[in-house]
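Subject: Structure for your review

Hello,

Here is the structure I promised to pass on. My notes on it follow below.

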Amino acid sequence: MSATVSISLQECWSHLASIAGQEHTHLASEAVAVAPADTQQVSEVLRFADANGVAVTPTGSGTKLGWGNQVEAGIRLDLKRINVLREHPWQDMTCTVEAGCNWATMQAELASHGQMVALDPLWPEKATVGGVVATNDGGPFRLRYGGLRDLIIGMTIVLSDGTIAKSGGKVVKNVAGYDLHKLMTGAFGTLGVITQVNFRLHPAEANTRTWTLVARDAADLAEPLRALLDSQITPSSVQLRAQKLECALDVRIAALPECMDQHETSLRKVFGQIELQDADEKVWRARQELFDAEGGVVLKVSLLPAEACLISAELQQLAGRDDLEINIVAQATGLMTVSLRSAPEAAITLIEHLRWRLRSSGGSVVALQVPQLLRGGLDVWGCDSNALPLMREIKRRFDPNHILNPGRFVGNI
Amino acid sequence: MCSKMWRHRWHESSKLSCRVLPLVTIDELRAAVGADGLITGASQLQTYECDGLTNFRAMPGAVVLPKNAGEVQAVVRICAQNRVPFVSRGAGTGLSGGALPAAGGVVISLARMNRILEVDIANKYVVVEPGVINSHVTQRVAPHGYFYAPDPSSQSVCTIGGNVAENSGGAHCLKYGFTVTHTLALEVVLPSGELVQLGSPTLDAPGYDLAGVFVGSEGTLGVATKVTLRIVKRPEDVQTLLAAFDSPQAAGQTVSDIIAAQMLPSALEIMDALAIEAAEAAVHAHYPMCGGLLLVELDGSASEVEKLMRDVRAICTKNRASEIRVAQTDEERALVWKGRKAAFAAMGRISPNYIVQDGVIPRTALPRVLSEIDRMASAVSLRVANVFHAGDGNLHPLVLYDRAIEGQEEIALDLSYRILHLCVDNGGSVTGEHGVGKEKQEALGYMFSEPDLETMQLVRCAFDPENISNPDKVFPRPRLCAEKPGPYTPHPLEAAGIAEIF
């Protein structure tokens, strides 16, 4: 490293330290990590970065920093100090929480009134609210409760020029102004830094049961899954787990204790001859386990719900033929997590095949977790939307100097 | 004088008070949609001079009735080239002036684009054109046991395109969500005339959630030409209960208690005495006459609905309901809802004129806000009827007045805006489902700060830099888009290779 470089970093450090305090500003070899105390300080940090053309990566606990294209930012904007559950007017079933708040901590506080944000993201013990929202993460709860776009009712964001803006509000029903919070959700921090989120809440699932159907081939589960989704049963979660030679369909129902038996009877009626086994709640960790295995590629595949079993079966067959290890957890919403272990070329071929296969029905394949070896050879986003020019224009309006996570998102936005 | 103006482009002529569409532009529009798809006669144009909010009127220069997305594109391109403002229009039932045309501008009526293009039961979605009537979606999928959840009171006439523009709700959104919850994808003609797909029938298409932003943008970001909607399986059982209370406050307390008991009814509606009187006069729904009528609808599995209905009854009794009734048949339920959905129009029975407002407050503020509305109304000697989606705190105060009495309309309007401010002061919003449109622009400025509005404007400018798609709506004052920001200029340090480490 040349002297000029360290001076430049040094200057960056000393300015940021004057905003957030020295004890919250750290000089690393290639970037300055700064942890501002509040939204106002986030605004000052961004204004400085924007004026000096320094790229910024906002982070929570960093669990999903590997998702998307890699960014070499000069400033790592750490939201960990902005972490308070500000309000929980439980009778209104809403809450206002800061972006750096740990997900599980927030849920534990909401649970004291029997409520929850009805979303089950990865690594809840580590993940922060801001990170979950920026990456639009969520698990099997989505079937019953919808995704983040249905649960977020308001937001505070800071733009690259330091503007602090709010959208939505603290009431569930609200059509005033544009829903900027929908634009920010899943934008990977490329349009603004989220500092506070307002959620609508649901009653926590006090009483649940999980059942499992087992089959050898995912295709055999297509009809039971179709019948279940076409029935009047409203499960809180449904997932398909598929490996090379076995697969399972898990169903979780949340209901009043006195009604649970009746739900079981209805389930058995829907599934007919196929045997229904009681299962442990642990099966719902299956999605996360795919990420926890080291070294593999992890894909987020989105397809039509009716295709889930068929595509899973095709992947199972591929796994049988080639030297591929494939594990699948598909939610009944059509969102599927696939982990792959194979030679790099085989992984890229498979991803391209899947994208081609799903194109006609509007599906998509995003490579979330990618080994270093594969980076460069793989388009992780696979976005072929004809709205990409519009997305670029939005980015340009929000972040004209391209300092917020530059290049991380679709089309190198 | 006007005849001399026709050569000029619209925005030039608009600087004068005389706004007319140049004849060449009208010829171009005719070529785009055919003679049978163009309306320019003054008497026919009059139909389009307002929507459901009739106190704002403006005469459009032309109305076009395209038959497909290609024709919409052609029309929008003509508008873009000539910088003529346009507004898309469904059934014109909006209550905030969203479909009010710009004087001399173009109205794009989607009435002829009314086909249901695809029904996919296995994947629970339908693809419709924007002119399809809301209730026709449910009619189409009902034989399969499904329904389309958003149910604005005007659902038998209003269109999906209008619902998308306004992010319409309805009585059942407490449980089922709004139009945006049920919109998977959109095909949109941008204000430049380009055609884009936003979202996908599959979830989480890579990229920004532009479908989420477009829904509820009140026609300011383009014209939706195709909409992919989620459909929902009909629940096994539905039960509807009516409970009579002394006051809307007591009914409101019951709502809070129901929610506190961890229930999520599909609807929780309250009507006050004036609203009941009007609804009775209009549709004879056989409502009990009382100070506050609560309607509770529960749906789900039969055993669960039965158990929860018992709990709801107990809560109503605890809060001193004078009468509790459960609709015994589908016909009875339909009649209960007919009275509720007719409540706005029924005001005509008890007052010569009325203003429908649409504010939202946190549910717990209900008793306080209702008392304050009472006080404010008495202070100006006007009556305010209250009909509301109590479950989500969405108030519809109906300010009753008589236009024939000089000055009363102004007093009524002023009161209705002050009620919106009251909602904001109590942590709420100026609109829950009717939209901002032309009516509530100033109120939006009361709710949001200037930086909030400027940030929203960035979205507007990315979609519609020329400001021709339903201009002068939603935002409190006309805003121009700043010159497009230039391409990224590297910082001198970066250019010198010094700051590459960043």
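**Helix α4 of chain B**

The buried residues of α4(B) are B:E71, B:V72, B:Q73, B:A74, B:V75, B:V76, B:I78 and B:C79. Please keep in mind throughout that this is a predicted model. The helix covers residues 69-82 of chain B, 14 residues in total, and reaches 20 Å from its first C-alpha to its last, close to the 20 Å expected at 1.5 Å a residue. After α4(B) comes B:R83, with a positive phi near 50°.

**Domains of chain B**

The domain assignment splits chain B into domain 1 (2-109), domain 2 (116-233) and domain 3 (237-425). The C-alpha centres of domain 1 and domain 2 of chain B are 25 Å apart. Their contact involves 14 residues of domain 1 of chain B and 21 residues of domain 2 of chain B. On the domain 1 side, α4 and β3 (86-89) of chain B each supply at least two residues. The helix already described, α4(B), gives the most to that side, with 6 residues. By class, the domain 1 side has 7 nonpolar, 6 polar and 1 charged residues.

**B:V137 and its surroundings**

B:V137 sits in helix α5 (residues 134-141) of chain B. Is this residue buried or exposed? B:V137 counts as buried because it has 26 C-beta neighbours inside 10 Å, and the cut-off for a buried residue is 20 or more. Apart from neighbours within four places in sequence, its contacts are B:V126, B:V128, B:V132, B:Y148, B:I160 and B:L229. For a distance along the same chain, the C-alpha atoms of B:V137 and B:L294 are separated by 29 Å, with the two positions 157 residues apart in sequence numbering.

**Helix α15 of chain B**

Helix α15 of chain B runs over residues 408-425 and has 18 residues. From first C-alpha to last, α15(B) reaches 25 Å, close to the 26 Å expected at 1.5 Å a residue. Its buried residues are B:A412, B:L415, B:S416, B:I419, B:L420, B:L422, B:C423 and B:V424. These buried residues pack against β16 (353-356), β17 (359-360), α14 (366-379), β19 (394-401) and α16 of chain B. α15(B) is followed by B:G427, where phi is positive, near 85°.

**Nonpolar core**

In soluble globular proteins, nonpolar side chains tend to be buried together. Here the largest nonpolar core has 282 residues. Those with the most contacts inside it are A:V56, A:I75, A:L240, A:L299, B:V75, B:L293 and B:L398. One of them, B:V75, is also among the buried residues of α4(B). On the chain A side, A:V56 is in contact with A:L46, A:A49, A:A73, A:I75, A:L77, A:I403 and A:L404, leaving aside neighbours within four places in sequence.

**Domains of chain A**

Chain A is divided into domain 1 (3-78), domain 2 (85-203) and domain 3 (208-374). Between the C-alpha centres of domain 2 and domain 3 of chain A there are 27 Å. The contact takes 8 residues from domain 2 of chain A and 14 residues from domain 3 of chain A. The domain 2 side of this contact has 5 nonpolar, 1 polar and 2 charged residues.

**Contact between the chains**

How many residues of each chain take part? In chain B, 76 residues are in contact with 84 residues of chain A. Several elements of chain B each supply at least two residues to its side, including β9 (195-199), α9 (248-260), α11 (302-318) and α17 (450-463). α17(B) gives the most, with 8 residues. By class, the chain B side has 36 nonpolar, 28 polar and 12 charged residues.

**Confidence**

The predictor gives the complex an ipTM of 0.96 and a pTM of 0.94. Chain A has a mean pLDDT of 94, and 98% of its residues reach 70 or more. For chain B the average is 91, with 92% of the residues at least at 70. In chain B, pLDDT is below 50 over residues 1-18, a stretch with 24 contacts in the model beyond near neighbours in sequence. Residues 486-502 of chain B also stay under 50, and the model has 24 contacts for them beyond four places in sequence. In chain A, residues 1-7 stay under 50, with 4 such contacts. Where pLDDT is low, the predicted coordinates should not be read in detail.

Regards

Methods:
Residues are numbered from 1 along each chain as its sequence is written. Chains are lettered from A and ligands numbered from 1 in the order in which they are written. This is a predicted model: local features need pLDDT of at least 70, side-chain atom pairs count only at pLDDT 80 or more; totals for chains, interfaces and linings use all residues. Helices (H or I, at least four residues) and strands (E, at least two) are DSSP runs, numbered from the N terminus. A residue is buried if 20 or more other C-beta atoms lie within 10 Å of its own, exposed if 12 or fewer, and partly exposed in between; C-beta atoms are placed from the backbone. Two residues are in contact if their C-beta atoms, placed from the backbone, lie within 7 Å. A nonpolar core is a set of buried Ala, Val, Leu, Ile, Met, Phe, Trp, Tyr and Cys residues joined through C-beta atoms within 7 Å. Domain bounds come from an automatic or database domain assignment. Ala, Val, Leu, Ile, Met, Phe, Trp, Tyr, Cys and Pro count as nonpolar, Asp, Glu, Lys and Arg as charged, and the others, Gly among them, as polar. The expected span of a helix is 1.5 Å times one less than its number of residues. pLDDT is the predictor's confidence in each residue, from 0 to 100.
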